[in-house]
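Please examine the overall fold before turning to individual residues. The explanation below proceeds from global descriptors to one helix pair and then to two single positions.

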Amino acid sequence: MTPVHAGIAGIGLLLVLFLLRMPVAFAMTFVGLAGFAYLNGTGPALSILSQDIYDSFSSYPLSVIPMFILMGSFAFASGISQRLYAAAYTWVGHLRGGLTVATVLACSGFAAICGSTAATAATMGRIALPEMKKYNYNTELATGTVAAAGTLGILIPPSTVLIVYGLLTEESIGKLFVAGILPGAIVTLFFVATVMLLCWRNPRLGPPGPQTSWSQKIRSAAGIVPATVLFLLTIGGLFLGWFSPTQAGAIGAGGALIIGLVRRRLTLKGFLDSGLDALRTGCMVIFIIMGATVFGHFMAVTTIPFKLADWVGNLPISPMAIMGVIVFIYFVGGFFMDSMALIVVTIPIFFPVVAKLGFDPIWFGVLIVLTGEMGVITPPVGVNVFVIKGITPDIPLEVIFRGILPFLGALILFTALLMVFPQIATYLPSLVSY
């Protein structure tokens, strides 16, 4: 069997293991180790495995992941998410579809201090869905909004997936974070516009809530202060070059902890649970990166990425058409794989192609993360849909999937816009000096 054939067989085996529900990290490690051993021998394969394990768990850049995850855990335990939703609800809840608009805005704010799609959807779902049920909001609209708006956690910094992309491609995590700000804000506006358009066409989908006075609005604005302070402290500090991504995550986690203690919302049990949750999630991500590194070494010796890059580079079509094909592959792949798993598996294959075509790697990172947003709300995987299903077990899955369709259309529209105008993702990073 030639190296290329071995690589194709390895990819096929990896997909089978995913379908059998084998953990992503272990599946990639197993296939990478077995494939490398087949092509180069058992001794070199074991040597590569031990080196990759050591490099992954001793890497200082990887420490950025548990820091930002811990910040999100402390922020949730400190009640920041509840205050964000309350503030948004006070300002826009009286509008037609106002509760869903408030949910989108609150998800956007929480994503800025969380970095996880599932955590954002679960947190806001527990808060927003009972309120929308109380005011007789359409079930499809209510559940679809929470599931879709939860995807903002994958794009708005600090995004865990952007961190992993930066580590795998050796791109600046700080620049990737900054690159996600403007696209995240625009996607938020697209979601708000989607809600308002739906409710304008059919007012019964989202009846208006009670009116609030200007004094109530002004008082409620205090609810966004903790999240704003954390975001400006971490991402603003990165933008200004005050500290590194790892230091930013540590400062953010410390800030969220202090906020919880000052407000007396973070109990000893909440503190321990938050730490344990962050530890579990952080270990999971680092194990995935380790597995991706082993699998990447196997892909390198098969020469598939380099042959694919040469083949694609010589195709008689424009580079943007090639990029369109790559984006479509990510879109379809998101139907079957989690966004992080999809990215760590495909980066060794597609990144050399993107580099050969001369595309900006920061723009490409934002583009595929945006495509990954679609994957967490599309069947059959649709992680966020299953999160909402867990919160509302009485609502059929097909109702939630129907609810996300308008938001999926908004994401596809913005993806096309980002491909035509890459400056949306590259302008802010161009202002950063590191």
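How much area does the protein expose, and what share of it do carbon and sulfur atoms supply? The exposed area is about 18,200 Å², of which carbon and sulfur atoms supply 71%; accessible areas come from the Shrake-Rupley method with a 1.4 Å probe, and for residues only the protein chains shown count as cover. The model is predicted, so that local features need pLDDT of at least 70 and side-chain atom pairs count only at pLDDT 80 or more, while totals for chains, interfaces and linings use all residues. Residues are numbered from 1 along each chain as its sequence is written, and side-chain values use heavy atoms, with hydrogens and water left out.

The protein contains 21 helices and zero strands; these are DSSP runs numbered from the N terminus, helices being H or I over at least four residues and strands E over at least two. Along the principal axes, the C-alpha atoms fill a box of roughly 70 × 45 × 45 Å. The radius of gyration is 22 Å, which agrees with the value near 22 Å for a compact globule of 434 residues; it is taken over C-alpha atoms, and the globule rule is 2.2 Å times the number of residues to the power 0.38. Of the 434 residues, 53% count as buried, a class defined by under 20% relative accessible area, whereas exposed means over 50% and partly exposed lies in between (1.4 Å probe, protein chains only). Among contacts (heavy atoms within 4.5 Å) with a separation of 6 or more, 80% join residues 24 or more positions apart.

One helix pair shows the packing in detail. Helix α4 (residues 64-77) and helix α9 (residues 160-169) pack at an angle of about 175°, their axes being 10 Å apart. Because of this angle, α4 is roughly antiparallel to α9, the term for angles over 145 degrees; axes are lines fitted to C-alpha atoms, for helices over the stretch in contact, and angles run from 0 to 180 degrees between N-to-C directions. V64, I65, F68 and I69 in α4 meet T160, I163, V164 and L167 in α9.

Two single positions complete the account. A102 is found in helix α6 (residues 98-111) and counts as buried, because its relative accessibility is 0%. Beyond its neighbours within four places in sequence, A102 is in contact with Y85, A88, Y89 and V92. E170, by contrast, lies in the loop between α9 and α10 (173-201) and counts as exposed, because its relative accessibility is 74%. Although E170 is not a glycine, it has a positive phi of about 60°.

Terms used:
Angles under 35 degrees count as roughly parallel, over 145 as roughly antiparallel, 65 to 115 as roughly perpendicular and the rest as oblique.
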